[in-house]
Amino acid sequence: MEAECGLPLGRVMIRSVRRIVTGIALAAALASPGFAQRDTYSNVERIVAVGDIHGDLAAMKQVLSMAGLIDSAGKWSGGKTHLVQIGDLPDRGPDTRAVIETLMDLEKQAKKAGGAVHVLIGNHDAMNIYGDLRYVSPPEFAAFATPGSRKMRDQYYKNLVERQRPADEAAFRAKFEKETPLGWVEHRRAWSLNGPFGKWTAGHNAVLKINDTLFVHAGISPRVAGSTIADINRGVRAALEDPSTLEGSLATAEDGPLWYRGLATEPADAIGSQVDEALKAYGVSRIVFGHTPTRAPIVGRLGGRLIDVDTGLSRSYGGPKDCLILDSKGAFTMASGSPAPLSSQP
């Protein structure tokens with residue numbers, strides 16, 4: 001499963017990322033996003049949680065429509081509902097730009113209607129900010145290409161050559177063109193912390209509490225459980241703002257909130273007490289997360305105290321279209337096309 005969803009960064013990759021960021025002249029412009037969303041809500045009547053999207057606009061819209069959150073025109077129809085998208089909007093699929101722009105619009109529309117759209121920071125969202133592009137599909141770069149892209153890329157190449165002075169420029173150029181498709185430069189600018197996607201993403205939370213439910217992209221490990229929600233969110237943002245602090249940070253660590261898989265993969269009897277301690281620490285009755293695709297309808301673990309909502313709904317995984325609904329009547333899933341009570345394993 002790790003190979004499918006990426007691995008935390010090691011020292012070699014961190015150094016590579018720093019070179020990428022510096023090469024595009026992003027690091028010099030890194031500034032605090034300046035906007036941190038509220039991370040705790042109470043008395044919310046209805047919550048819809050949707051798992052990892054991975055660049056599949058049609059799948060996302062299908063699930064949002066099933067849950068009554070958008071109408072036939074794609075506009076917000078969810079009223080006061082709070083949508084929690086669990087993270088991992090980009091990579092693997094071709095529609096990342098359209099997915100993000102759609103959620104940006106829905107965020108505004110929901111707020112006007114008295115509802116809310118919460119998009120959590122996932123490991124792939126963070127990777128796009130700090131320059132780990134292993135899972136960016138060619139159409140994702142192409143979506144940013146314009147008639148001026150070739151000229152922009154040529155200027156970037158010129159600056160790169162002047163800085164690195166390769167011994168074999170012909171070979172260097174061939175490698176550059178292979179690894180830097182048209183739209184690449186624009187993609188990196190959009191995902192910088194001064195760009196629209198990077199700034200928007202970094203202004204979101206990694207952990208969110210609504211009513212008696214804690215939402216996080218990957219999971220809450222013993223390392224993280226001792227920290228407050230605010231501290232976790234600050235820690236992730238701080239690492240994204242300063243590439244020199246990435247290694248081992250809450251944004252990249254294997255036991256951090258963007259990468260930890262224990263809640264999904266460890267045997268129930270091995271994590272029961274750990275989960276109970278986390279629930280008590282945050283004053284919640286359940287933790288909802290994604291990151292580890294099940295390719296199956298949503299089912300609770302530990303009697304519903306843990307719920308993995310990453311069904312692998314994107315075409316890259318081929319999982320079922322499903323979401324979690326929490327309201328005054330209980331917990332429900334939508335895999336059948338209509339609300340059905342959440343089933344849970346011991």
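## Salt bridges

A salt bridge is taken here as a side-chain nitrogen of Lys or Arg within 4 Å of a carboxyl oxygen of Asp or Glu. By that criterion, Arg 173 and Asp 154 form a salt bridge, with their closest N and O atoms 3.2 Å apart. Arg 173 belongs to helix H8 and Asp 154 to helix H7, so the bridge ties together parts that are 19 residues apart in sequence. Both ends are partly exposed: Arg 173 has a relative accessibility of 24%, and Asp 154 one of 32%. The bridge is also part of a network, in which salt bridges with shared partners join Arg 153, Asp 154, Arg 173 and Glu 177. The model is predicted, and a search of the whole structure finds 12 salt bridges.

Another of these bridges lies within helix H4 (residues 96-112), where Glu 101 and Arg 97 are separated by about one helical turn. The closest N and O atoms of Glu 101 and Arg 97 are 3.1 Å apart. Glu 101 counts as partly exposed at 33% relative accessibility, and Arg 97 likewise counts as partly exposed at 31%. In the salt bridge between Asp 132 and Arg 134, the closest N and O atoms are 2.7 Å apart. Asp 132 is buried, at 1% relative accessibility, whereas Arg 134 is partly exposed, at 38%.

## Aromatic pairs

The structure holds six aromatic pairs. One of them joins Phe 144 and Phe 197 in an edge-to-face arrangement, with 5.8 Å centre to centre and 70 degrees between the planes. Phe 144 is in the loop between helix H6 (138-142) and helix H7 (149-164), while Phe 197 is in helix H10 (residues 196-202), so this pair ties together parts that are 53 residues apart in sequence. Phe 144 and Phe 197 are both buried.

Tyr 156 and Phe 176 form a tilted pair, with 5.8 Å centre to centre and 40 degrees between the planes. This pair links distant parts of the chain, as Tyr 156 lies in helix H7 and Phe 176 in helix H8 (residues 169-179), 20 residues apart. Tyr 156 and Phe 176 are both buried. They also belong to one aromatic cluster, together with Tyr 157, Phe 172 and Trp 184.

## Charges over rings

Two arginines named above as salt-bridge partners also face aromatic rings. Arg 97 lies over the face of Phe 144, at 4.8 Å from the ring centre. The charged end of Arg 173 is placed over the ring of Tyr 157, 4.1 Å from its centre. Arg 173 therefore takes part both in the bridge that ties helix H8 to helix H7 and in a contact with a ring of the aromatic cluster.

## Surroundings of Asn 205

Asn 205 is located in the loop between H10 and strand S5 (207-210). Is this residue buried or exposed? At 2% relative accessibility, Asn 205 counts as buried.

What does the side chain of Asn 205 reach at 3.0 Å? The partner is the backbone oxygen of Arg 38. The side chain of Asn 205 also makes a polar contact, at 2.8 Å, with the side chain of Arg 237. Leaving aside neighbours within four places in sequence, the residues in contact with Asn 205 are Gln 37, Arg 38, Asp 39, Val 119, Leu 120, Ile 121, Asn 233 and Arg 237.

Methods. Residues numbered from 1 in each chain as written. Predicted model: local features only at pLDDT ≥ 70, side-chain atom pairs only at ≥ 80, totals over all residues. Heavy atoms only, no water. Phe/Tyr/Trp six-rings, centres within 6.5 Å; stacked < 30°, edge-to-face > 60°. Helix = DSSP H or I, 4+ residues; strand = E, 2+ residues; numbered from the N terminus. Buried < 20%, exposed > 50% of the residue type's maximum accessible area, 1.4 Å probe, protein only. Lys NZ or Arg CZ within 6 Å of the ring centre and 35° of its normal. Polar contact = N/O pair within 3.5 Å; in protein donor to acceptor, adjacent residues only side chain to side chain. Contact = heavy atoms within 4.5 Å.
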